[in-house]
Amino acid sequence: MSTVGFLEAQAPDAEAQRIFDDDLAELGYVMNVSRLWAYQPATLSHLFDLMGETYASEHHSFRQRGILVTACASTLGDAYCSLAWGTKLAGKSDAETAAGILRGNDDRLSAAEQAMAHWARKVARDPNHTNAADVQALRDAGYSDAQIFAMTAYVALRLAFSTINDALGARPDSAFRTSAPEAVLEAVSYGRPIDE
């Protein structure tokens, strides 16, 4: 019996097969997380729809989403999302910028982006220790309260996705060994190892 993470691989229903087909069309392989979510593909679709609503409502750019995900995933210690989004962010900026965020070094970001990355790490690390001054720092960086709410909701939903994947043992896809920039691979020294 084949497995995905700690679970037995689930035979895909029509909705899971659609996710698999999307992976094949975009990447040339089926991601381990897609195979894991074959247990509840509708839940995955709803979760991604919710994430989409959060960033679309306040027009967060792909780069901003990349900063939020790499900052929160690295703080959580999630190698899978760190590699996936570190690679995507490197494509929209450069590998050194992505690797820096993964290591907690935001020197290559604008002041507004630094505030965003700092907030994502605080939310991921301990949301009960955020305070009004943290939110004011985001306002001072130019974000509206609606944007702050949207980025917080997006980070929280990303954390839910990462938590499920990590808890059930999903390992980063072996393709990251060749698709991720070397700087990103070196920065991700935590979490589950890349699949064989």
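## Helix α5 and the largest pocket

In this predicted model, α5 is mostly covered, with 11 of its 14 residues buried (under 20% relative accessible area with a 1.4 Å probe, protein chains only). Helices here are DSSP runs of H or I with at least four residues, numbered from the N terminus. Among the buried residues of α5 are Tyr 80, Trp 85 and Leu 89. Their cover includes α2, α4, α6, α9, α10 and α11 (contact means heavy atoms within 4.5 Å).

At the start of α5, a side-chain oxygen of Asp 78 comes to within 3.1 Å of the backbone nitrogen of Tyr 80. The length of α5 agrees with expectation, because 14 residues at 1.5 Å a residue should span 20 Å and the end C-alpha atoms are 20 Å apart.

Now to the largest pocket, which holds about 830 Å³ of space. A pocket is an open set of points on a 1 Å grid where a 1.4 Å probe fits, with protein on both sides within 12 Å along at least five of seven lines; lining residues have an atom within 4 Å of a point. Of its 32 lining residues, Asp 23, Glu 26, Met 31, Phe 48 and Lys 88 lie nearest the centre. The largest share of the lining, seven residues, comes from α3, while α5 is one of the helices that supply at least two.

| Class | Lining residues of the largest pocket |
|---|---|
| Nonpolar | 18 residues |
| Polar | six residues |
| Charged | eight residues |

Residues are numbered from 1 along each chain as its sequence is written. Local features need pLDDT of at least 70, side-chain atom pairs count only at pLDDT 80 or more, totals for chains, interfaces and linings use all residues, and side-chain values use heavy atoms, without hydrogens and water.

How values were computed
Points joined across faces, edges and corners; volume = space filled by probe spheres on them. Nonpolar A, V, L, I, M, F, W, Y, C, P; charged D, E, K, R; others polar. Expected span 1.5 Å × (residues − 1). Buried < 20%, exposed > 50% of the residue type's maximum accessible area, 1.4 Å probe, protein only. Polar contact = N/O pair within 3.5 Å; in protein donor to acceptor, adjacent residues only side chain to side chain.
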